[in-house]
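Colleague: Could you walk me through a few spots in this structure before I set anything up? I'll just ask as things come to mind.

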Amino acid sequence: MSAATDKARFFLEQSVPELKEYERKKLFTKDEITSIIKKRSDFEHKLNARGAAPVDFVRYVEYEMNLETLRKKRVKRLGIRSAGHSGQRRIYFILDRATRKFHGDLNLWIQYIEYARKQKANKKLSIIFTDALRFHPTSAELWVYAAKYVLDDHADMSQARSYMQRGLRFCKSSRNLWLQYAKLELIYIAKLIARQRILGLDEERPTKVEVAGEGLDGDMIALPDITDEDINPTRNDGEVDQQALQNLNSTPALTGAIPIAIFDAAMRNFHNDDRFGADFYDMVLEFQDAPCLQKILGHVVDTMRAHKPTSPRTQICYIRFPTAGIHVTSAEFPRALGTSLVRLRESALTHDLAQEVVSWLQPIADTEDLDPSLKKVILATLRTAERAASKE
């Protein structure tokens, strides 16, 4: 107990200059400072005693965060230019101690990351991510979090890919990681398309580009080659190099070659599981405006039909495919739906397939402003499917 007390006293003494400055600048009264000292003393004794738990660190951090918020408000109200000591360093110190003591607690790492991200401490974040992933290499969620962070906050797709590829070395059996990797690529495509539209370069896309490489090689997916120029087109004297941006249309970054490569590698890894194929199809379908939507979904359907042609999941993907990317109220939808219904009639309407058909058509039937004759056809098909689904 003596060692714990000595440690607590040591950490408390480090905050003396900070508290003296608070008193000198009249940020806190003597009574408030006495209360701060007592609170910190209680926390430090808990943290340094035997039986300390992660929740003790969390409560300490929450207290310091609230104190820092109050300090900032008073600095602003009193018009103090030089605020002097900041509670930010102390919060980092507590979080660092927490993750060192309980490095197996993923929630503590996430709290540490979230705080550093909020403070825009990019260099520190890089170190925290490295440490967190070293202790939790099998956490697929953490690899996804790291990849999304570098893409969202720094637009660094190369680093995001690196996180995903490394994550797959440790979490190859995580279906969500494979899906999130492909989703990240589609988000990146959406960002590139938005950029081109802003610059007035949203022209028709060239035809397909073949995927280079064969699946996983040394635990890495053989992705098509993408140069730095593809990702960050050059600028000359502050002007956009339009030719470079137009050339981007023909690279794998926009043709869907990378999501297809990820899908192929994942299907080999999961032994052509139709459930994964259906999940991948639904994920891609979220990106309705992606220029490569039809190409990717077509490849998914072809692969599923080649390996699991009789699966209800394969059949519903094949049936739905003609309507992919077409809004239900558009002029093109009735023709596309007609093709889908022809495919449905050609399939044996089993109990499982009927349930899939109901799940697909019900939201369409509920769409506002749907053409009355189209709705009539959909409702008739729904009734047939519901009858088939009710039979065991």
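Colleague: Where is Glu 114 placed?

Modeller: This is a predicted model, and in it Glu 114 belongs to helix α6, which covers residues 106-118.

Colleague: Buried, partly exposed or exposed?

Modeller: Glu 114 counts as partly exposed, because its relative accessibility is 39%. As for its surroundings, the C-alpha atoms of Glu 114 and Leu 125 are 9.1 Å apart in space, with eleven residues of separation in sequence.

Colleague: Switching to Arg 40, where is that one?

Modeller: Arg 40 sits in helix α3, residues 30-48, and it is buried, because its relative accessible area is 1%.

Colleague: And what does the side chain of Arg 40 make a polar contact with?

Modeller: The partner is the side chain of Glu 64, at 2.8 Å. Beyond residues up to four places away in sequence, Arg 40 also touches a set of residues that includes Leu 12, Ser 15, Glu 18, Leu 19, Tyr 60 and Leu 67, as well as another arginine, Arg 90.

Colleague: What about Asp 56, which helix is it found in?

Modeller: Asp 56 is part of helix α4, which runs over residues 54-78.

Colleague: Which side chain of opposite charge is nearest to Asp 56, and how far away is it?

Modeller: That is Arg 59, 4.2 Å away, and Asp 56 has no salt bridge although it is buried; the cut-off for a salt bridge is 4 Å, so a separation of 4.2 Å does not qualify. A polar atom of the Asp 56 side chain does, however, lie 2.9 Å from the backbone nitrogen of Ala 53. Setting aside neighbours within four places in sequence, Asp 56 is in contact with Phe 43, Lys 46 and Leu 47.

Colleague: Now the helix packing, how do α10 and α14 pack?

Modeller: Helix α10 (residues 175-198) and helix α14 (residues 257-269) pack at an angle of about 175°, with 9 Å between their axes, and they are therefore roughly antiparallel to each other. The contact involves, among others, Trp 178, Tyr 181 and Leu 186 of α10, together with Ile 258, Pro 259 and Ile 262 of α14.

Colleague: Last thing, the backbone: what is phi at Ala 155?

Modeller: Phi of Ala 155 is positive, about 50°, although the residue is not a glycine. Ala 155 lies in the loop between α8 (140-154) and α9 (157-170), and it counts as exposed because its relative accessibility is 54%.

Colleague: And Asn 272, what is phi there?

Modeller: Phi of Asn 272 is near 55°, again a positive value in a residue other than glycine, and Asn 272 is in the loop between α14 and α15 (274-285).

Definitions and conventions: Residues numbered from 1 in each chain as written. Predicted model: local features only at pLDDT ≥ 70, side-chain atom pairs only at ≥ 80, totals over all residues. Heavy atoms only, no water. Helix = DSSP H or I, 4+ residues; strand = E, 2+ residues; numbered from the N terminus. Buried < 20%, exposed > 50% of the residue type's maximum accessible area, 1.4 Å probe, protein only. Lys, Arg positive; Asp, Glu negative; His and termini not counted. Polar contact = N/O pair within 3.5 Å; in protein donor to acceptor, adjacent residues only side chain to side chain. Contact = heavy atoms within 4.5 Å. Axes fitted to C-alpha atoms, helices over the stretch in contact; angles between N-to-C directions. Parallel < 35°, antiparallel > 145°, perpendicular 65-115°, else oblique.
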